[in-house]
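I opened my notebook to work through one model, a stretch at a time. Here is what I looked up, in the order I looked.

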Amino acid sequence: MKGIQRTEFFDREKEKEEILHILRQEPREINFIYGPINSGKTTLIQKLIDDLPKDKYVVFYINLRGKLIKEYGGFVRVLFKVKRKEISEKVIEKGEKLAKKALVLAGRYLSGIPIEKDMLDGFLETKSSEDVFEFLEEYFLKISETKIPILIIDELQVIGDLEINGKVIYKLFNFFIRLTKELHICHVFALSSDSLFIERVYNEAILKDRCRYLLIDNFDEETTKKFLKKHNFSEEEQENVYNNTGGKPAHLLRIIDAKNRGGDVITETEAMLESRKKR
Ligand SMILES: Nc1ncnc2c1ncn2[C@@H]1O[C@H](COP(=O)(O)OP(=O)(O)OP(=O)(O)O)[C@@H](O)[C@H]1O
Ligand SMILES: [Mg+2]
């Protein structure tokens, strides 16, 4: 975006390599990406999506943050995106192939599984999650004939307690196991910062040995200092920031921003520490 100062994505080389290594193999396990709040899980995944070759992978990224999902309909609606038929038909009149191409290439990922409206209505009417998972299995099988699908669900804990004839999360995990361990057709990543949820999932027998856990932690001391150094922080400032606020990227960005606006780093850091203590 023009006029907006953007902080460049920093480091995460080790974590990136770990995920790329997973993507180079055939899908075998469900990948759980976890770590403290604001550690940079979503940002890392988005960065990876940006860098993936689009002719090889098809990425589905579904973010459940802020979604209120209380029943079956809500669950189905977040999984799917109705294909905008009307729009594509109009454009096709103008220049069929061009339009189609543009539609395919638009965006870096799909924010839901594209389906026709009547199909979605059908799912909503029958209220059977079995139908949905059956459809999805077919869908991913089809895609995997030409490309490698990657399914990413962010903020998975949102549906942790949802019940539709039993816990949805179990059905979803069974489906993920089907896609990975059994069929090997689709990479699955689940992101969450809710440690209670992760622990609960971890303790579930169905997931034993079918999950891989990847920690995206706050930056360690060395990385924090490198990050700050890149933004012209003196050694004393680096030391002070790390000792007082730690290596949470979101906090570091705030201090970098303060410095860029001409603020004093030490004062800013102490103010942040103070306001955190109060909370
Ligand atoms: N590697 C990085 N380099 C630069 N900035 C980063 C990096 N990782 C995260 N950030 C910044 O830190 C902030 C928090 O990141 P993000 O939202 O990805 O964290 P999260 O772990 O997904 O948080 P939540 O637990 O709320 O889901 C964002 O503003 C992001 O731009
Ligand atoms: Mg996130």
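**Entry 1: a loop residue, Asn38**

I began with Asn38, which has 15 C-beta neighbours inside 10 Å and so counts as partly exposed. A buried residue would need 20 or more such neighbours, and an exposed one 12 or fewer. I reminded myself that this is a predicted model.

Where does Asn38 sit? I found Asn38 in the loop between strand 1 and helix 2. Next I checked its backbone. The phi of Asn38 is positive, about 65°, although Asn38 is not a glycine. I noted the general rule beside it: most residues other than glycine have a negative phi.

**Entry 2: another positive phi, Arg12**

I then turned to Arg12. Its phi is near 65°, a positive value in a residue other than glycine. Arg12 lies in the segment before helix 1, which covers 13-24. Is Arg12 buried or exposed, or something in between? I counted 19 C-beta neighbours inside 10 Å, so Arg12 is partly exposed. The cut-off for buried is 20 or more.

**Entry 3: the whole chain**

I stepped back to look at the chain. I listed 12 helices and 7 strands. The chain has 279 residues, and buried residues make up 24% of them. I also looked at contacts with a separation of 6 or more. Of these, 81% are between residues 24 or more positions apart.

**Entry 4: the sheet**

In what order do the strands of the open sheet lie? I read the order as 2-5-6-1-7, with 5 strands and parallel pairing. Strand 2 (57-63) and strand 7 (211-215) are the edge strands, and each pairs on one side only. From one strand to the next, the twist averages 20°.

I looked at what lies against the sheet. Helix 2 packs on it and touches strand 1 (30-34), strand 2, strand 5 and strand 6 (187-192). The direction of helix 2 makes about 150° with that of strand 6.

**Entry 5: strand 1**

How many residues of strand 1 are buried? I counted 5 of its 5, so strand 1 is mostly covered. Its side chains took a second look. Ile30, Phe32 and Tyr34 point one way, while Asn31 and Ile33 point the other way. All of them are buried.

I followed strand 1 to its partners. Strand 1 runs parallel to strand 6, and 5 bridges join the two. Tyr34 has Ser192 in strand 6 as its bridge partner. Strand 1 also runs parallel to strand 7, again through 5 bridges. There, Asn31 is bridged to Arg212.

**Entry 6: strand 5**

I moved along to strand 5 (residues 148-154), which is joined to strand 2 by 7 bridges. The two strands run parallel. Two pairs went into my notes. Asn63 has Asp154 as its bridge partner in strand 5. Tyr61 stands opposite Ile152.

On to strand 6: 5 bridges join it to strand 5, and these strands run parallel too. Leu151 has Val188 in strand 6 as its bridge partner.

Why is strand 5 described as largely enclosed by the rest of the structure? I found that 5 of its 7 residues are buried, so the description follows.

**Entry 7: Leu64**

I looked just beyond strand 2. Leu64 is in the loop between strand 2 and helix 3 (72-79). Leu64 counts as partly exposed because it has 18 C-beta neighbours inside 10 Å.

Which residues does Leu64 touch, leaving out those up to four places away in sequence? I listed Val78, Ile153, Asp154, Glu155, Leu156, Val158 and Ile159. I also checked Leu64 against Phe75, which is 11 residues apart from it along the chain. Their C-alpha atoms are separated by 9.7 Å.

**Entry 8: around ligand 1**

I finished at ligand 1. Which of the 17 residues around it come nearest? I wrote down Gly40, Lys41, Thr42, Thr43 and Ser193. By class, the shell has 6 nonpolar, 8 polar and 3 charged residues.

I then asked which helices each supply at least two residues of this shell. Helix 2 (41-51) and helix 11 (249-260) do. Domain 1 (13-215) and domain 2 (221-278) each give the shell at least three residues.

Technical notes. Residues are numbered from 1 along each chain as its sequence is written. Chains are lettered from A and ligands numbered from 1 in the order in which they are written. This is a predicted model: local features need pLDDT of at least 70, side-chain atom pairs count only at pLDDT 80 or more; totals for chains, interfaces and linings use all residues. A residue is near a molecule or strand if its C-beta atom, placed from the backbone, lies within 6 Å of it. Helices (H or I, at least four residues) and strands (E, at least two) are DSSP runs, numbered from the N terminus. Ala, Val, Leu, Ile, Met, Phe, Trp, Tyr, Cys and Pro count as nonpolar, Asp, Glu, Lys and Arg as charged, and the others, Gly among them, as polar. Domain bounds come from an automatic or database domain assignment. Two residues are in contact if their C-beta atoms, placed from the backbone, lie within 7 Å. Two strands pair if DSSP finds at least two bridges between them. Axes are lines fitted to C-alpha atoms, for helices over the stretch in contact, and angles run from 0 to 180 degrees between N-to-C directions.
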